Amino acid sequence: MAVVKHAEVFQQGAEARLYRCGFYGRPCIVKKRFVKKYRHPTLDTSLSSQRVKSEVRANLRCRMAGIPTPTIYLVDTGSNSIYMEEILDAVTVRSYISKVQDADGNCADVRLNPLAEAIGCLLGRMHDNNIIHGDLTTSNMLLQGDPSDLNLVLIDFGLSSCEASAEDKGVDLYVLERAFLSSHPHSQELFKTILTSYSAAASSGSKCSEALAKLEEVRQRGRKRTMVG
Ligand SMILES: Nc1ncnc2c1ncn2[C@@H]1O[C@H](COP(=O)(O)OP(=O)(O)OP(=O)(O)O)[C@@H](O)[C@H]1O
Ligand SMILES: [Mg+2]
């Protein structure tokens, strides 16, 4: 596209390639979903376009709810590409937690507690607005600027949905729990802090406590499946 100058590959994910470029003078990331050859072409086209639409819809909905996400500059449905603001001076929450845990060992939780509280608070607000992320991992959360400022930005909404039952919210939390504990072993206490802050953040009329009850149900189903397997 004429507006994009000197795109360079920045990240390669399972379904998308990310390029870094300029968009009318602003630092821009292009997230382009590529063709998956092992999928039936009709299914592949439909899934890719659905994921682009879901990503854009949830990104905008979050922004309307005051939840930081990258500004979307342009959507090219022909090439399944999203042009968005590059979040500058940012690290993923995953790499930040790992760095602090490596440096501080047993004392890391004290330093990471405010971050866990901020994550729980943001996710409580997101669910309060009936947004399901669909792929909650610490790689899909960025910390911009000085990490102690706790400027969290949520990304990667390709698997999101915007009509949420308590069950959907519970599953969203379960996905995060699995990802969190596998990326950050021995972090059960931090995850508990996320959940406490999550329930404190949600409004009284929300389905947050139902979501936490569903999380427990989904955990039990997961345990039974592991025992049968
Ligand atoms: N707007 C952005 N600004 C800065 N860095 C970004 C931005 N978007 C993505 N990144 C970086 O690129 C990585 C991959 O991006 P993203 O999570 O959107 O893709 P993915 O996981 O490959 O996608 P998918 O799961 O949809 O295949 C992120 O973990 C983050 O480090
Ligand atoms: Mg991702």
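User: Which residues come nearest to ligand 1?
Analyst: In this predicted model, 21 residues are around ligand 1, with a heavy atom within 4 Å of it; Lys31, Arg33, Glu85, Ile87 and Asp156 come nearest.

User: What does arginine 33 offer ligand 1?
Analyst: A polar side-chain atom of arginine 33 lies 3.0 Å from an oxygen atom of ligand 1, a polar contact (N or O atoms within 3.5 Å).

User: And which part of glutamate 85 lies 2.9 Å from the ligand, backbone or side chain?
Analyst: For glutamate 85, a backbone N or O atom is 2.9 Å from a nitrogen atom of ligand 1. Glutamate 15 also uses a backbone N or O atom, 3.3 Å from an oxygen atom of ligand 1.

User: How much of ligand 1 does the protein bury?
Analyst: The protein buries 85% of the 620 Å² that ligand 1 exposes when taken alone (Shrake-Rupley method, 1.4 Å probe).

User: Where does ligand 1 lie relative to the domains?
Analyst: Ligand 1 lies between domain 1 (4–85) and domain 2 (90–228), because both give residues to its shell. The bounds come from an automatic or database domain assignment.

User: How should I read the numbering and values?
Analyst: Residues count from 1 along each chain as written, with chains lettered from A and ligands numbered from 1 in written order. Local features need pLDDT of at least 70, side-chain atom pairs need 80 or more, totals for chains, interfaces and linings use all residues, and side-chain values use heavy atoms, without hydrogens and water.

Definitions and conventions:
Polar contact = N/O pair within 3.5 Å; in protein donor to acceptor, adjacent residues only side chain to side chain.
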